[in-house]
Amino acid sequence: DLAGFLTKQNKHILLTIGSTEDKAALRDSILHLSHGDRYVLYATRHTHEYLKKKGIITSLVYKVSEKG
């Protein structure tokens, strides 16, 4: 449930990775972080879309300069 989720000692990580090559290089590390419920992953649009295609779930966040 949401209340239990919010009270856990989760770590929150924001991912905003520039190039496709950098995303590919970090994919295995991000995949490792995504397993279990210890980390909550957030990503900006292009990173979120890339990771989603690779089966890694993140919450989409917008940059201040983007409309949400």
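## Terms and overall layout

Contact here means that heavy atoms lie within 4.5 Å of each other. In this predicted model, helix α2 is in such a position that it lies across β1 and β2. The direction of α2 is at about 135 degrees to that of β2.

The protein chain has three helices and three strands. Read along the sequence, helices and strands follow the pattern α-β-α-β-α-β. The chain has 68 residues, and 22% of them count as buried. Its accessible surface comes to about 5,200 Å², and carbon and sulfur atoms account for 55% of that area. Of the contacts between residues at least 6 apart in sequence, 51% join residues at least 24 apart.

## The sheet

The three strands form an open sheet in the order β1-β2-β3, and their pairing is parallel. Strands β1 (11-15) and β3 (59-60) stand at the edges. Each has a single partner strand, so one side of each has no neighbour in the sheet.

Five bridges join β1 and β2 in the parallel sense. One residue to look for is lysine 11, whose bridge partner in β2 is tyrosine 39.

## Isoleucine 13 in strand β1

Isoleucine 13 belongs to strand β1. Its relative accessibility is 23%, so it counts as partly exposed; the cut-off for buried is under 20%.

Isoleucine 13 and valine 40 are 27 residues apart along the chain, yet their C-alpha atoms are separated by 6.2 Å. Valine 40 is also among the residues that isoleucine 13 touches, along with Leu33, Tyr39, Leu41 and Tyr42. That list does not count residues up to four places away in sequence.

## Helix α2

Helix α2 covers residues 20-34 and has a kink of about 50 degrees. The kink is centred on arginine 27. After α2 comes glycine 36, which has a positive phi, near 80 degrees.

## The nonpolar core

The largest nonpolar core contains eight residues: Leu15, Ile17, Ile30, Leu41, Ala43, Tyr50, Leu51 and Ile56. Two elements, β2 (39-43) and α3 (45-53), each give two or more residues to this core.

Isoleucine 30 is one of the core residues. Leaving aside neighbours within four places in sequence, isoleucine 30 is in contact with Leu15, Ile17, Leu41, Leu51 and Ile56.

## Two buried threonines

Threonine 44 is found in the loop between β2 and α3. With a relative accessibility of 9%, threonine 44 counts as buried, because the cut-off is under 20%. Its contacts, apart from neighbours within four places in sequence, are Leu15, Thr16, Leu60, Val61 and Lys63.

Threonine 47 is part of helix α3. The relative accessibility of threonine 47 is 2%, so this residue also counts as buried. Not counting residues up to four places away in sequence, threonine 47 touches Leu15, Thr16, Ile17 and Lys23. Leu15 and Thr16 thus appear in the contacts of threonine 44 and in those of threonine 47.

Definitions and conventions. Residues numbered from 1 in each chain as written. Predicted model: local features only at pLDDT ≥ 70, side-chain atom pairs only at ≥ 80, totals over all residues. Heavy atoms only, no water. Core = buried A, V, L, I, M, F, W, Y, C linked by side-chain atoms within 4.5 Å. Buried < 20%, exposed > 50% of the residue type's maximum accessible area, 1.4 Å probe, protein only. Helix = DSSP H or I, 4+ residues; strand = E, 2+ residues; numbered from the N terminus. Bend = angle between axes of the 7 residues up to and from the residue. Pairing = 2+ DSSP bridges. Axes fitted to C-alpha atoms, helices over the stretch in contact; angles between N-to-C directions. Areas by Shrake-Rupley, 256 points an atom, 1.4 Å probe, with all protein chains shown as cover.
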